[in-house]
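Trainee: Please take a close look at the ligand site in this structure and describe what surrounds the ligand.

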Amino acid sequence: MNRGIFISFEGIDGAGKSSHVQAVADAFTHANRQVVQTREPGGTPLAEKLRDMVLHDAMDPLCEALLMFAARRDHVQQVIEPALARGDVVVCDRFTDATFAYQGAGRGFDLKVLSQLEQWVQALPSGGVRQPDLTLWFALDPAMAAERLSKARVPDRFEAQPAAFFAKVHQGYTDRQQADPKRFARIDASAPLDAVRSQVMQVLHERLYLQDPP
Ligand code: TYD
């Protein structure tokens with residue numbers, strides 16, 4: 001049986017990661033792997049309800065952080081762990097790094113509290129804490145991301161934040177990468193779409209998740 005693989009996608013709003021999530025899922029399907037494509041906050045009926053609240057209703061940063069982790073708990077238990085146990089590939093648009101970047105660095109919420117929640121919510125029965133095997137971080141200058149976002153649809157509570165907020169979120173991702181450099185692959189998201197796609201596929205081949213040449 002194949003070993004399960006857990007891949008998360010991260011980056012500030014406007015970095016363009018979402019367009020690559022489908023391509024990665026398709027590449028694994030093409031390689032005859034079972035793929036579970038999902039997202040956070042969300043991925044289960046309960047977590048999707050929590051997503052709607054957290055993206056649109058006013059609340060304080062503690063409430064926001066708790067709802068992110070509540071959604072994550074349901075998602076990890078109902079979807080991610082069963083998929084990995086079956087040997088599937090989990091392709092997840094955002095995971096806990098987003099909470100450290102947005103609620104931690106962006107909102108200024110206590111990182112120690114977030115670490116404690118991370119340990120509870122992602123605890124493995126065998127001990128240890130579930131983390132992605134690979135995190136594709138779509139890194140983009142916050143000013144460029146803001147420019148891209150201004151052309152997009154009606155903003156949610158996060159997308160509506162000023163550039164200074166995204167500069168902090170970007171720093172939050174940088175800090176997470178420095179704390180766990182092996183897990184992260186930094187993708188230069190300022191490049192044209194095709195070049196970004198090539199970087200992503202290159203990483204999947206380098207890590208031997210995909211065998212065919214890119
Ligand atoms: P996003 O992936 O940008 O969804 P969409 O492309 O549909 O807008 O995620 C939604 C927002 O949620 C995004 O602005 C980041 C935010 N978020 C957090 O603040 N903390 C978290 O833990 C997660 C998972 C997301």
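Mentor: Helices here are DSSP runs of H or I with at least four residues, numbered from the N terminus. The model is a predicted one.

Begin with the pocket itself. The ligand takes up the space of the largest pocket, whose volume is about 760 Å³. Among the 33 residues lining this pocket, Asp13, Lys17, Arg94, Arg153 and Glu159 are the closest to its centre. Four helices each supply at least two residues of the lining: helix 2, helix 3, helix 4 and helix 6, the last of these spanning 142-149. Helix 4 gives the most to the lining, with four residues. Sorted by class, the lining has 13 nonpolar, seven polar and 13 charged residues.

Next comes the shell around the ligand. There are 18 residues around the ligand, and Asp13, Lys17, Arg94, Thr99 and Gln103 come nearest. The helices that each supply at least two residues of this shell are helix 2 (45-56), helix 3 (61-86) and helix 4 (96-106). Helix 4 gives the most here too, with four residues of the shell. By class, the shell has nine charged, six nonpolar and three polar residues.

Three side chains can be described by their distances to ligand oxygen atoms. In threonine 99, an N or O atom of the side chain is 2.6 Å from an oxygen atom of the ligand. For glutamate 159, the distance from a polar side-chain atom to a ligand oxygen atom is 3.1 Å. For arginine 72, a polar side-chain atom lies 3.2 Å from an oxygen atom of the ligand. As for cover, the ligand on its own has 550 Å² of accessible area, and the protein covers 91% of that.

Some residues recur in this account. Asp13, Lys17 and Arg94 are listed among the residues that come nearest to the ligand, and they are also listed among those closest to the centre of the largest pocket. Glu159 is another of the residues closest to that centre, and its side chain has the 3.1 Å distance to a ligand oxygen atom given above. Thr99 is one of the residues that come nearest to the ligand, and its side chain has the 2.6 Å distance.

Two backbone details can be added. The peptide bond from glutamate 40 to proline 41 is cis, with omega near -10°; proline 41 is in the loop between strand 2 (35-39) and helix 2. Asparagine 32 is a residue other than glycine with a positive phi, near 65°, and its place is in the loop between helix 1 (18-30) and strand 2.

Definitions and conventions. Residues are numbered from 1 along each chain as its sequence is written. This is a predicted model: local features need pLDDT of at least 70, side-chain atom pairs count only at pLDDT 80 or more; totals for chains, interfaces and linings use all residues. Side-chain values use heavy atoms; hydrogens and water are left out. A residue is near a molecule or strand if one of its heavy atoms lies within 4 Å of it. A polar contact is a pair of N or O atoms within 3.5 Å; within protein, one must be able to donate a hydrogen and the other to accept it, and residues adjacent in sequence count only if both atoms are side-chain atoms. Accessible areas come from the Shrake-Rupley method with a 1.4 Å probe; for residues, only the protein chains shown count as cover. On a 1 Å grid over the protein atoms alone, a cavity is a set of points where a 1.4 Å probe fits but cannot get out, and a pocket is an open set with protein on both sides within 12 Å along at least five of seven lines; lining residues have an atom within 4 Å of a point. A molecule sits in a cavity or pocket if more than half of its atoms lie within 2 Å of its grid points. Ala, Val, Leu, Ile, Met, Phe, Trp, Tyr, Cys and Pro count as nonpolar, Asp, Glu, Lys and Arg as charged, and the others, Gly among them, as polar. Grid points are joined across faces, edges and corners, and a volume is the space filled by probe spheres set on the points.
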